[in-house]
Amino acid sequence: MTRIFSGIKPTGHLTLGNYLGAVRQWVEAGQYEAESLFCVVDLHALTVEHDPARLRRLSRQVATLFLASGLDPERCTLFVQSHVSEHTRLAYLMECTATDGELRRMIQYKEKAAKAQASGDGVRLSLLTYPALMAADILAYDTDEVPVGEDQRQHVELTRDLAVRFNQRYGHTFTVPKVTLPTVAARVMDLQDPRSKMGKSHDSAAGIVYLLDEPGVITKKVMRAVTDSGDGGVAYDRDARPGVANLLDVLAACTGGDPAALADGYQGYGALKRDVAEAVVELLRPVRERHAALAADPAEVERVLRAGAARARALAAPVVDRAYEAIGLLAP
Ligand code: TYM
């Protein structure tokens with residue numbers, strides 16, 4: 001059976017981008033056609049400045065949203081990264097496999113390091129080594145597929161390179177995983193700045209639809225989305241008209257259509273925005289409602305996470321032991 005692993009870091013409230021790029025793929029394919037593990041990757045949230053109380057709150061919220069989005073703990077393993085120490089055990093071997101140059105070339109490192117530097121905070125060393133931990137997350141489970149949004153493609157490609165290199169040097173140890181992206185909305189853009197990704201840790205919320213936004217708030221954000229001044233009707237052109245293309249992508253992802261074909265059905269931006277707002281509100285309504293019910297019973301979410309961590313540990317431990325042995329460390 002195909003093994004799937006993916007994760008979300010609790011650095012902010014989850015967005016429509018996280019949902020369309022990742023979580024929805026997990027719910028639709030992941031848990032029925034494969035053996036899947038989905039993880040609140042909390043250690044990754046420590047790579048940039050953070051507030052401990054907020055991290056705890058967001059970690060619980062992300063786990064609750066996994067369930068609210070329809071991930072069924074009877075069919076997949078839901079857990080918190082820091083509860084399974086195999087991730088950090090294996091991360092060190094990944095740091096001994098990756099090179100400094102390779103990690104410095106990562107786009108997210110360059111962007112986030114520049115931001116941390118500009119704000120006067122130092123750049124945490126863990127921001128540089130982050131992809132080694134991410135590779136460990138994936139390789140510890142003999143993962144075949146990693147369903148993520150476009151922005152994580154480079155990290156998964158590095159993971160593949162590290163797996164291949166380790167196998168060549170020390171003998172076959174790891175399954176080499178492949179990335180899977182959604183067919184549309186692999187990169188949902190900010191509604192106010194459609195040349196930037198919709199990101200959960202951005203400062204301004206105006207261009208970001210959060211999974212838990214009320215319907216009225218979602219509608220307002222979509223109706224105020226920046227479009228382009230192009231005339232001649234609605235057309236799907238990601239380079240020349242990124243704002244409209246983003247709305248068409250979101251509509252296509254919500255309704256199952258094709259973004260370029262959907263464009264033909266509109267004369268103006270107003271009608272398009274109204275339909276996008278309605279589609280997003282209806283898509284997220286059940287998630288928000290289930291989240292409210294689940295949040296009222298935190299003990300149940302904790303029980304799911306405890307059981308998930310035990311299952312994850314049992315899967316990861318033999319793989320990590322195998323890697324320790326292959327690299328030349330004595331068994332304890
Ligand atoms: P993170 O927490 O930034 O994002 C979680 C998932 O959401 C996707 N995503 C998007 N997809 C489409 N449009 C967007 N605007 C958008 N924003 C985010 C991301 O691609 C991702 O799939 N490093 C990872 C977390 C991680 C991980 C892993 C993922 C750690 N270990 C192992 C997979 C496997 C991250 O920061 O994702």
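**Exercises: a kinked helix and a covered ligand**

Helix α11 has a kink of about 35° at Leu284, shortly before the proline Pro286. The bend at a residue is the angle between axes fitted to the seven residues ending there and the seven starting there. The model is predicted: local features need pLDDT of at least 70, side-chain atom pairs count only at pLDDT 80 or more, and totals for chains, interfaces and linings use all residues. Residues are numbered from 1 along each chain as its sequence is written, and side-chain values use heavy atoms, without hydrogens and water.

**Exercise 1.** Compare the reach of α11 with its expected span.

*Solution.* Step 1: α11 covers residues 269-295, 27 residues in total. Helices are DSSP runs of H or I, at least four residues, numbered from the N terminus. Step 2: the expected span is 1.5 Å times one less than the number of residues, here 39 Å. Step 3: from first to last C-alpha, α11 reaches 37 Å, close to that value.

**Exercise 2.** Find the polar side-chain contacts of Asn18, Tyr130 and Asp137 with the ligand.

*Solution.* Step 1: apply the cut-off, a pair of N or O atoms within 3.5 Å. Step 2: take the side chain of Asn18; one of its N or O atoms is 3.1 Å from a ligand oxygen. Step 3: turn to ligand nitrogen. A polar side-chain atom of Tyr130 lies 2.6 Å from a nitrogen atom. For the Asp137 side chain, the distance to a ligand nitrogen is 2.7 Å.

**Exercise 3.** Describe the shell around the ligand by class.

*Solution.* Step 1: count residues with a heavy atom within 4 Å; 27 surround the ligand. Step 2: sort them into 13 nonpolar, 8 polar and 6 charged. Nonpolar means Ala, Val, Leu, Ile, Met, Phe, Trp, Tyr, Cys and Pro; charged means Asp, Glu, Lys and Arg; the others, Gly among them, are polar.

Conventions
Helix = DSSP H or I, 4+ residues; strand = E, 2+ residues; numbered from the N terminus. Polar contact = N/O pair within 3.5 Å; in protein donor to acceptor, adjacent residues only side chain to side chain.
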